[in-house]
Amino acid sequence: PEGRPRCWAAYRRIRDALRDVVGFRGDDVFVSENAVINGRVWIDDGAEVYPGAYVEGPSYIGKDAVVGTGSLIRGETLIGDRSVVGSHCSTARSLIGPDTGVYTHCKILNSVVGRRCHLAGFTVTAASRIDLSPVVPEPDIEGVETIRKRGSIIHHGTGIGPFVVTLPDTILGENCFVESFIPVRSDVPAGTKLRNETPVGRERNDLEGVENPHPPEYPFKDG
């Protein structure tokens, strides 16, 4: 769609922002003695890194952000202010915007997640295809042509239910809602609600005809 080159050019800015980052810990930072900080990692004021987490540089953890128990933050990751990466998550080469929740067992790879997004547990932004064929970037996008893998662009205000997989090179517009267990195979226009028409257990629980509401504003906490 129109705007795709501009969206994927944002990936280049992640590398630019981290090129000169240094190891730093701000005021009122909590880093568990059982967490590992490896390399050039900037941990800003009030951030918290819980036991078992492994953070690899170059990376940035924003003000009052949280990295949960057992999470793996691989290089070239930026976590925005007041955002939460819940327990046992994995990120690599990605930007997670401010005020965003990425909850338990999510896997965010080669992706950009906007502000005020909520990714429920076990969300995966896949960056490579199941048949291992290359995700071929458009050659006319400056700074993107050398990228071998691409995950997803998830715009501001989008909510994603548990066990959702976004396929490589997909863009979700602002304020989308994706219900649980739905594979996102192509771009999703802004404001779209993707619903699972036959969710598991609906008949058993006698919920036929009951619409699932838009997810609530999750509290920004670990888990």
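Salt bridges in a predicted model

R19 is exposed, with 52% of its relative accessible area. The model is a predicted one, and R19 is a convenient entry point to its charged pairs. The partner of R19 is D16: the two form a salt bridge in which the closest N and O atoms are 2.9 Å apart. D16 counts as partly exposed, at 34% relative accessibility. R19 stands above the 50% cut-off for exposed residues, so the two ends of this bridge fall into separate classes.

Side chains of opposite charge can pair when their charged atoms come close. Across the whole structure, a search finds five salt bridges. Two others from this set can be followed here.

One of them joins E76 to R15, with 3.4 Å between the closest N and O atoms. This pair links distant parts of the chain, 61 residues apart: R15 belongs to helix α1 (residues 4-18), while E76 sits in the loop between β9 (72-73) and β10 (77-79). E76 has a relative accessible area of 23% and is partly exposed. R15 is also partly exposed, with a relative accessible area of 34%.

The other is formed by R82 and D99, whose closest N and O atoms are 2.7 Å apart. R82 lies in the loop between β10 and β11 (84-85), and D99 in the loop between β13 (94-96) and β14 (101-102), so this salt bridge ties together parts of the chain that are 17 residues apart in sequence. R82 has a relative accessibility of 39% and therefore counts as partly exposed.

How values were computed: Residues numbered from 1 in each chain as written. Predicted model: local features only at pLDDT ≥ 70, side-chain atom pairs only at ≥ 80, totals over all residues. Heavy atoms only, no water. Salt bridge = Lys/Arg side-chain N within 4 Å of Asp/Glu carboxyl O. Helix = DSSP H or I, 4+ residues; strand = E, 2+ residues; numbered from the N terminus. Buried < 20%, exposed > 50% of the residue type's maximum accessible area, 1.4 Å probe, protein only.
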